[in-house]
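Q: Could you take a close look at one part of this model for me? I would like a connected walk through a single residue and its setting.

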Amino acid sequence: MPVVPDRVARGLAAARTAIETEAAAVSALADRLDGVFLDVLIAVADCEGHLVVTGLGKSGLVGRKIAATLASTGTPATFIHSGDALHGDSGAVTSRDLVLALSASGETAEVCAFARMLRDRKIPVIAMTGNEESTLARLATYTLDTMVLREADPLNLAPTASTTASLAMGDALACALVVLREFSQHDFARFHPSGALGKRLLTEDA
């Protein structure tokens with residue numbers, strides 16, 4: 001495809017708009033760190049088992065990153081794909097665990113089916129969704145609102161602003177838990193013995 005200057009200019013404008021849209025979506029989350037967020041924070045801090053994160057598609061990819069961030073900052077966490085949960089992996093969730101379920105629409109069939117199974121087993125579910133009136137929100141014990149006004153792509157279709165908002169909310173939870181657990185640089189170093197970051201921290205800690 002030949003490069004058309006006008007198309008390039010419009011593409012650059014779309015890129016700028018995407019960044020501005022995602023920045024606004026993340027900024028709006030700060031006003032939603034209300035009583036529900038505090039309830040979730042305390043529930044996760046008091047959890048005797050693992051925080052099991054689940055999702056499908058792009059939300060699943062974000063969920064994997066949230067679980068990894070939590071695990072590396074002192075909160076026992078793991079990820080279970082919602083589709084796999086319906087084919088036996090739900091057995092890994094115990095009565096000591098909490099589940100964080102991600103779905104922008106709150107209507108993802110596999111995520112909702114997994115949440116319904118967990119509710120029947122009396123295992124608390126934290127929904128992270130952009131629709132507080134959704135099936136997932138109704139099934140959940142707690143709902144973290146990650147609603148965005150629109151996606152960042154020109155078609156308003158691709159999960160962009162919504163996934164960025166979910167990722168930011170997950171980071172906010174992890175950062176708050178670092179403070180609650182008094183998780184230190186020394187603790188972080190013990191969890192990261194390899195790589196440039198781990199070597200630097202262990203050297204500083206020596």
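What follows is a look at one aspartate, and then at the chain around it.

Q: Where does Asp97 sit, and what does the side chain of Asp97 reach?

A: Happy to help! A word on the basis: this is a predicted model, in which local features need pLDDT of at least 70 and side-chain atom pairs count only at pLDDT 80 or more, while totals for chains, interfaces and linings use all residues. Residues are numbered from 1 along each chain as its sequence is written, and side-chain values use heavy atoms, with hydrogens and water left out.

Asp97 lies in the loop between α4 (82–85) and β3 (98–102). Helices (H or I, at least four residues) and strands (E, at least two) are DSSP runs, numbered from the N terminus. Asp97 is buried but has no salt bridge. Buried means under 20% relative accessible area, exposed over 50%, and partly exposed in between, with a 1.4 Å probe and protein chains only. A salt bridge is a side-chain nitrogen of Lys or Arg within 4 Å of a carboxyl oxygen of Asp or Glu. The nearest side chain of opposite charge is Arg96, 6.2 Å away; here Lys and Arg count as positive and Asp and Glu as negative, with His and the chain ends not counted.

What the side chain of Asp97 does reach is backbone: the nitrogen of His50 at 2.7 Å and the nitrogen of Thr94 at 2.8 Å. Leaving aside residues up to four places away in sequence, Asp97 touches Cys47, Gly49, His50, Val52, Ala92, Ile123 and Pro124, where contact means heavy atoms within 4.5 Å. His50 therefore appears both among these contacts and as a backbone partner of the Asp97 side chain.

Now to the wider chain. The secondary structure comes to nine helices and five strands, in the order α-α-β-α-β-α-β-α-β-α-β-α-α-α along the sequence. Buried residues make up 42% of the 206 residues. Of the contacts between residues at least 6 apart in sequence, 70% join residues at least 24 apart.

Helix α1 (residues 5–29) gives a simple check on geometry: its 25 residues should span 36 Å at 1.5 Å a residue, and the end C-alpha atoms are 37 Å apart, which agrees. The expected span is 1.5 Å times one less than the number of residues. Thr21, Ala25 and Leu29 of α1 are buried, and what covers the buried residues of α1 includes β5 (142–145) and α7 (161–180).

Note on methods. A polar contact is a pair of N or O atoms within 3.5 Å; within protein, one must be able to donate a hydrogen and the other to accept it, and residues adjacent in sequence count only if both atoms are side-chain atoms.
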